[in-house]
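Let's take a walk through the inside of this protein, looking at its empty spaces, its packing and its rings. Have the structure open and follow along.

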Amino acid sequence: MVKSFKYRLRPTKKQEKVLLAQIDECRILYNQLLCARIQAWKNNKQSLSRYEQNKTLPMLKNQYKPFSLVHSQVLQQVCQRVDWAFKGFFRRLKQKEKTGEKAGFPRYKNENRYDSITYPQFANGCRLDNKGLRLSKIGCIRIVQHRPLEGVPKSCTITRTATGKWFVSISCDIGDTPEKADTGSAVGIDVGLNSFAVTSDGQKIENQRFFRKEEKSLAKAQRKWDAVKKRPKTDAVREKRRKVIAKVHERIRNKRHNFAHQESRKMVNRHGFIAVEKLDVQEMQKNRRLAKSIADVAWSLFRHCLEYKAEEAGIGFKAVDPKHTSQDCSACGHREKKPLSQRMHQCKVCGYKTDRDHNAAINILTLGLQRQVA
């Protein structure tokens, strides 16, 4: 199992300047490699592979000297990114007829769309010691290591956020997961908009509505940005107001991530088996009336946190199809259609009465246990 550890970096002004320069050189290389693939297909109907483009790196370094200031494996990883972009494009192209998803041809990156560099081998070009993170051709950067690394470090990615903060994400191989625990304390989770989640044992988690609470702050910041956005990009006031908007979005994202991690950790610590809904959130967001609320509640993030935490802890986890879970009676199985406005479930056959979401959570748990046994 591979687990990533994210830490805050505190580079000096000189180190930050070098990091920014290296990111920009990688961006330029990315655009050149993308152009080479497009031209090769247009002129010769030839599809270039990652390995063929890797072989051109020494020639490109001779033609453009700043490439030599970047570690060789970081440059090779740029070739990998271009290759991933085309593989994703062809995969989406095949699925377009089924899902209707746009294929999204790989596009050139400007300075706002390329913000990270990766060392694919941790021991080659980067290492971590008591003084900080040592990067080839950059130096030793102070790191806020709030928790120790686990396992064997494999790769390292340096990222700059829109607010100017620097982070490092170190991927580590932590070995095999422990044996699966018993399902004695199993739970089913039904997510929603009124309540963030309702469990099969009756617990309710309130919807925090992080974006809704920050809408006024965001609108105020955006109005100030509108007054200066047509100024040159080098203008200090323009940059200052852009950062204010970025900080509001960052604050919302941090609160949402913290909430998802905290609640998923409580679930994993408390139960031996977890069953959740497998929702198609992208399809649900096509509902214009609920799109903002669905995006704000972040069901996919919560499910992702539950899944990887459950795998790491060695407990059972199943994502089940939510079809009819709100309509079926969890006591007798009778199916009856209910509008969204009806928040109570009362079975006309057996008389069982409970909260609509609680009934759905019990059905989700039952389906999850059936799939687990199968």
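## The largest cavity

In this predicted model, the largest cavity is lined by I189, V191, V276, E277, L279, V281, W299, S300, F302, R303 and L306. Three elements give two or more residues each to that lining: β8 (186–191), β11 (273–277) and α9. The top contributor is α9, with five residues.

How much space is in there, and what sort of residues surround the largest cavity? The volume is about 100 Å³. As for character, the lining of the largest cavity splits into eight nonpolar residues, one polar and two charged.

## The second largest cavity

Searching the whole structure turns up two cavities of 30 Å³ or more. The second largest holds about 70 Å³ of space. It has 13 lining residues, and F196, F210, R256, F259 and V297 are the closest to its centre. Here the elements that supply two or more lining residues are α6, α8 (291–297) and α9.

This time α6 gives the most, with three residues. The lining of the second largest cavity comes out as eight nonpolar, two polar and three charged residues.

## The largest pocket

Now for the open space. The largest pocket has a volume of about 1100 Å³. If you want to find its middle, look for K6, R147, H257, H261 and Y308, which are the closest to the centre among the 29 lining residues. The elements with two or more residues in this lining are β1 (2–10), β7 (166–173), α6 (236–270) and α9 (299–313).

Which element has the largest share of the pocket lining? That's α6, with eight residues. The pocket lining as a whole divides into eight nonpolar, 11 polar and 10 charged residues.

## Two nonpolar cores

In soluble globular proteins, nonpolar side chains tend to be buried together. In this model, the largest nonpolar core has 38 residues, and L135, I158 and V168 are the ones that touch the most other members. Helix α1 (residues 13–44) supplies the largest share of this core, eight residues. There is also a second, separate core of 28 residues, with V248, V268, V276 and A310 among them.

V168 is a good place to zoom in. Leaving aside residues up to four places away in sequence, V168 touches F5, K6, Y7, L9, L133, I143, C156, T157 and I158.

## Ring pairs

The model has nine aromatic pairs. One of them is F89 with F105, an edge-to-face pair at 5.1 Å centre to centre and 80° between the planes. F89 sits in helix α4 (residues 72–99) and F105 in the loop between α4 and β2 (116–119), so this pair ties together parts that are 16 residues apart in sequence. Are these two rings buried or exposed? F89 counts as buried, at 12% relative accessibility, while F105 counts as partly exposed at 45%. Ring pairs also link F86, F89, F90 and F105 into a cluster.

Another pair to pull up is F210 with F259. Their ring centres are 5.8 Å apart and their planes lie at 65°, so this pair is edge-to-face. With F210 in helix α5 (residues 210–226) and F259 in helix α6, the pair ties together parts that are 49 residues apart in sequence. F210 counts as buried, at 12% relative accessibility, and F259 is buried with a relative accessible area of 12%.

How values were computed:
Residues are numbered from 1 along each chain as its sequence is written. Side-chain values use heavy atoms; hydrogens and water are left out. A nonpolar core is a set of buried Ala, Val, Leu, Ile, Met, Phe, Trp, Tyr and Cys residues joined through side-chain atoms within 4.5 Å. Buried means under 20% relative accessible area, exposed over 50%, partly exposed in between (1.4 Å probe, protein chains only). Helices (H or I, at least four residues) and strands (E, at least two) are DSSP runs, numbered from the N terminus. Contact means heavy atoms within 4.5 Å. On a 1 Å grid over the protein atoms alone, a cavity is a set of points where a 1.4 Å probe fits but cannot get out, and a pocket is an open set with protein on both sides within 12 Å along at least five of seven lines; lining residues have an atom within 4 Å of a point. Grid points are joined across faces, edges and corners, and a volume is the space filled by probe spheres set on the points. Ala, Val, Leu, Ile, Met, Phe, Trp, Tyr, Cys and Pro count as nonpolar, Asp, Glu, Lys and Arg as charged, and the others, Gly among them, as polar. Rings of Phe, Tyr and Trp (its six-membered ring) pair if their centres lie within 6.5 Å; planes under 30 degrees apart count as stacked, over 60 as edge-to-face and the rest as tilted.
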